[in-house]
Amino acid sequence: MKALGINTLAAFVLALFLGACNKSPSFASPNLSSVPASFSAIKTGILDAKCVFCHSTTKPKGGVSLSSYDEVMSSPGAVTPFQPHQSQLFWQCYKGYMPEMGPPLSTLELQTLYDWIAYGAPNN
Ligand code: HEC
């Protein structure tokens, strides 16, 4: 538990640092060692909490449903594995367009999305 806490803190500090340095359109390099790039974490922490209100099977705004792994992967343009910059799931949030009418995602949340896609967008 203690090691996990330190890793999480390190990831957070790194994400803050990378965020502060990031004035250009390119985002941080993937940080796959210390940020858990897991779809289940993204689903619980980001998609279910901040996106499915507008992006579900019954209400797929913009043609995008984000309520399950299969729906995320079959929404056109949402995720191109290994290519975060070509994935609207990351890009729309990075540019601050999504979540619509909500506060922008944190740097750590953006990094997690980026890392998961850069890792190949596995169903993990
Ligand atoms: C309040 C409603 C609302 C919320 C919450 C919301 N969206 Fe959207 N989203 C929309 C609408 C409306 C569109 C269509 C916009 C358009 O076509 O111009 C859209 C479009 C999109 C698209 C497709 C954009 C494209 O051009 O391909 C993606 C990807 C997306 N949203 C991701 C997200 C993610 C990720 C979240 C959560 C972090 C989120 N959205 C939260 C309303 C919302």
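Okay, a definition to start: helices (H or I, at least four residues) and strands (E, at least two) are DSSP runs, numbered from the N terminus. With that, the chain reads α-α-α-α-α from the N terminus on, so to speak in plain counts, 5 helices and 0 strands.

Some housekeeping. This is a predicted model, where local features need pLDDT of at least 70, side-chain atom pairs count only at pLDDT 80 or more, and totals for chains, interfaces and linings use all residues. Residues are numbered from 1 along each chain as its sequence is written.

On to confidence. pLDDT is the predictor's confidence in each residue, from 0 to 100. The chain averages 82, and 71% of the residues score at least 70. Among the elements, helix 3 (residues 69-74) has the highest mean, 98, and helix 1 (residues 2-21) the lowest, 51. Over residues 13-25 pLDDT stays under 50, and the model has 10 contacts there beyond four places in sequence; a contact means C-beta atoms, placed from the backbone, within 7 Å. Where pLDDT is low, the predicted coordinates should not be read in detail.

For the whole chain, 59% of the contacts with a separation of 6 or more are between residues 24 or more positions apart. Of the 124 residues, 28% are buried, meaning 20 or more other C-beta atoms within 10 Å of a residue's own, again placed from the backbone; exposed means 12 or fewer, partly exposed in between.

Now the ligand. Which residues come nearest? Cys 51, Cys 54, Gly 62, Met 98 and Pro 99, of the 21 around the ligand, where near means a C-beta atom, placed from the backbone, within 6 Å. Helix 2 (39-50) and helix 4 each supply at least two residues of that shell, with helix 4 giving the most, 4 residues. By class the shell has 12 nonpolar, 6 polar and 3 charged residues. Nonpolar here is Ala, Val, Leu, Ile, Met, Phe, Trp, Tyr, Cys and Pro; charged is Asp, Glu, Lys and Arg; the others, Gly among them, are polar.

Just past helix 4 (88-94), in the loop to helix 5 (107-118), sits Lys 95. Why is Lys 95 exposed? Because it has 11 other C-beta atoms within 10 Å. Lys 95 and Leu 105 are 10 residues apart in sequence and 10.0 Å apart in space, C-alpha to C-alpha.

Last, helix 5. Mostly covered: 9 of its 12 residues are buried, Tyr 114 and Trp 116 among them. Helix 5 reaches 16 Å from first C-alpha to last, close to the 16 Å expected at 1.5 Å a residue, counting one less than its number of residues. After helix 5 comes Gly 120, with a positive phi near 110 degrees.

Key
Contact = placed C-beta atoms within 7 Å.
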